[in-house]
Structures are given as structure tokens and as C-alpha cells.
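Here is a short report on one part of a protein structure. Follow along in the model as you read.

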Amino acid sequence: MNILLVEPKYYTKYPPLGLLKIASYHRNKGDNVQLVRGAQWVNSYPDLIYVTSLFTYAWKPVHDAIEFYKQWYPKARIILGGIYASLMPEHAATTGVEVFTGVWEEVDNYMPAWDLVPSWKSSVLFSSRGCIRQCPFCGVRICEPKFVALQSVRHLIYPGHKKIICWDNNILASPYWRDIFQEFIESGLEVDFNQGLDARLLTEEVAHWLKKMKIKIIRLAYDETVSRHFLSQAIRNLKSVGFRSKDIFVYVLYNFQDNPTDFLERIKDLMEWEVVAYPMRYEPINSLEKGKYISPGWTAMELEMVAKARRVIGYAGSWPATEGLKWKFGTATNFQEAFALRPPR
């Protein structure tokens, strides 16, 4: 068969991992495979078209792509999958094509067809799917409801790549995390735990294992104040083995079930612990338009104050624990004082 793989024209800096695995699956069956981005005519009439999707608020490019291929290849079977399709299958079904939800387990363990994106030099992989947590703000519990873990990922590290990007939602929950870490170490490649590590599971032993790898940034999260103890201990464990303050990034969820006062207290904690705070505005998992949701605990003005502070006094959207920011946030008596910016001269 002729297989067409379509990545809609939304913004992403990563290649379409699912489509690349599907490419390997169909090549193994002897099929012809072509990967395109957006709406493009192809030389051979496709028998089967796979369209992927990203976040729910990026649904329009997905619908546009599907309409194009339905019009020009009306006899082709079209299947839509990905995050948007899994989180909002009923909305995705309005395209009039087949909707696939969740993870295609038969395909998930294939080495992606990285030759289709020759300029990309990193092996993106999952050593586990799902998460042991059931965080209400996260879509993983819907997209990947079952936690499953691989004992080895050697077969997913592509020869010639210079980096490993681990997309696990909670790799430290895997019973095989030591085996996976050992393979990362033996690869000699730079490792990026792109989705962050669970501070509740980041023990001294884990920190020592991490220090054996080539890691530029460690990512953690401070979603709510109840995790304060676990996060502070995880940061101490990382620093005790030699990770620098500027290399520890902490995502700070806001606009969910918190309020500006709670958000400021968490920022103050991170400044005190001398790590980098990265504010992460909550977006509902069924949002069709980005940046419109305002939770009951926040106002539009307060959210804009955080956004401006990220642009004006932040560095690439984050707040490193510089002396100036430590003083600004640490001495503020309330949210308004902390996030007020001096008028430009």
C-alpha cells in the first residue's frame, strides 16, 4: 500500500514521533511510506493516510489538513490520532474521519524512521507510558491510562544521534529505572528528561545516578504547596551530588486551583532554594483556544502581571535566582508588590 503520514502545520520543535513509528511499522509490512507537513499533493495516490495531532487548542490546522486530503484523495482511508484526538475524540470526530485514541501498543516499540527527518539528531523515546499519579490538571491519565514500563531501550537509540530525549511522564516510577539509566550512561550521549522528574521519587540514590549522565538541565515541578517538603528534599539531593542551581528548573503551575498569594509563596520558596522558577500557566485539557481560561482564584489583570514579569524581568520566560529577583520576590508583602514593574524611563 501507499501510506501517507501527515503532520499538520501547527507549531512544534519536535518531529512527529508517532508517525515515525508508524512509518517503521508499515515499512516492515512492505508498504511505501511518505511523510509530509501540512497540506501537500503527493506523487502516488495514498491508500491510507495517518494524521497526527498535538494540543487541543491546535485543532484548526488538524481540521484544515484533513479537509484538504479528503478533497483530493476521497478514496483514501484517513485515521486521526494523537493528543487532541485522544483528549477530545468527539470534537475530532466532526472531521468525518476515523479517530484513534490512546497509544497504539503494537507500533509503540518500533524504532522511529528517523531517516525521514535527517536533520534531526536526537533519539526521542519512551521507556514507560502512563503515570502512577492521577493529577487532575494533566491529560496523561486519559491518553495513557495504564502504566507500563520497558526493561530496555537500547533498540530505540538511533546510531548517529547525539542526544537522548526521554519523554516518559514519570520514569522514576518504573521498576526498571536503574536499567534504563545504565543504558543512558553507557550510550555516552547527552540525556534530556524533557517531561521532568517526580520530586517525590528523587532520592539520594537517584541523584547519584543522574550525576553519572551528561545532563544540562534537570526539570522538576512545584504544582501545589503540599509538595513543598518533597521538592526541597529533591533539590538538596541534586545539589549534594554537584548539580548547580542554574541547572535545576522548576515548573510552577498557576491559574489552576491556586491563587496569586499561593503562587507567590511557591516562587519565594524557589528563590530561597536558589533554583530557576519557570511559571507554567494552566490550560484546560479540553481548551480549544489558548490563553483564554481564567480560574476562579485569578483575574485577567493578575495573569497579565505574571506574563509581563516573565517578559521584562525573566530570562527566556523563567526567573533564575539572581540577587535582584531574590530580593524583589523575597521582600514583597503581597502579590501586587511582587509583580509590579517600574515604569520605563
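## The residue after α9

G242 comes just after helix α9 and takes a positive phi of about 115°. The model shown is predicted.

## Helix α9

Helix α9 covers residues 228–240. How far apart should the ends of its 13 residues lie? At 1.5 Å a residue, the expected span is 18 Å. The end C-alpha atoms of α9 are 18 Å apart, so the model agrees with that figure.

The buried residues of α9 are L231, S232, A234, I235, N237 and L238. An α-helix has 3.6 residues a turn, so residues three or four places apart point the same way. What do the buried residues of α9 pack against? Their partners are two helices, α8 (204–211) and α10 (260–272), and two strands, β11 and β12.

## The sheet

Strands β11 and β12 also belong to a sheet. This open sheet has three strands, in the order β11-β12-β13, with parallel pairing. Its edge strands are β11 (218–221) and β13 (276–281), and each pairs on one side only. From one strand to the next, the twist averages 30°.

Strand β12 spans residues 248–254. Six bridges join β12 to β13 in the parallel sense. Y251 stands opposite Y278, a residue of β13.

## A helix on the sheet

Which strands does helix α11 touch? Helix α11 (residues 300–312) packs on the sheet and touches β12 and β13. The direction of α11 makes about 140° with that of β13.

Conventions. Residues are numbered from 1 along each chain as its sequence is written. This is a predicted model: local features need pLDDT of at least 70, side-chain atom pairs count only at pLDDT 80 or more; totals for chains, interfaces and linings use all residues. Side-chain values use heavy atoms; hydrogens and water are left out. Two strands pair if DSSP finds at least two bridges between them. Helices (H or I, at least four residues) and strands (E, at least two) are DSSP runs, numbered from the N terminus. Axes are lines fitted to C-alpha atoms, for helices over the stretch in contact, and angles run from 0 to 180 degrees between N-to-C directions. Contact means heavy atoms within 4.5 Å. The expected span of a helix is 1.5 Å times one less than its number of residues. Buried means under 20% relative accessible area, exposed over 50%, partly exposed in between (1.4 Å probe, protein chains only).
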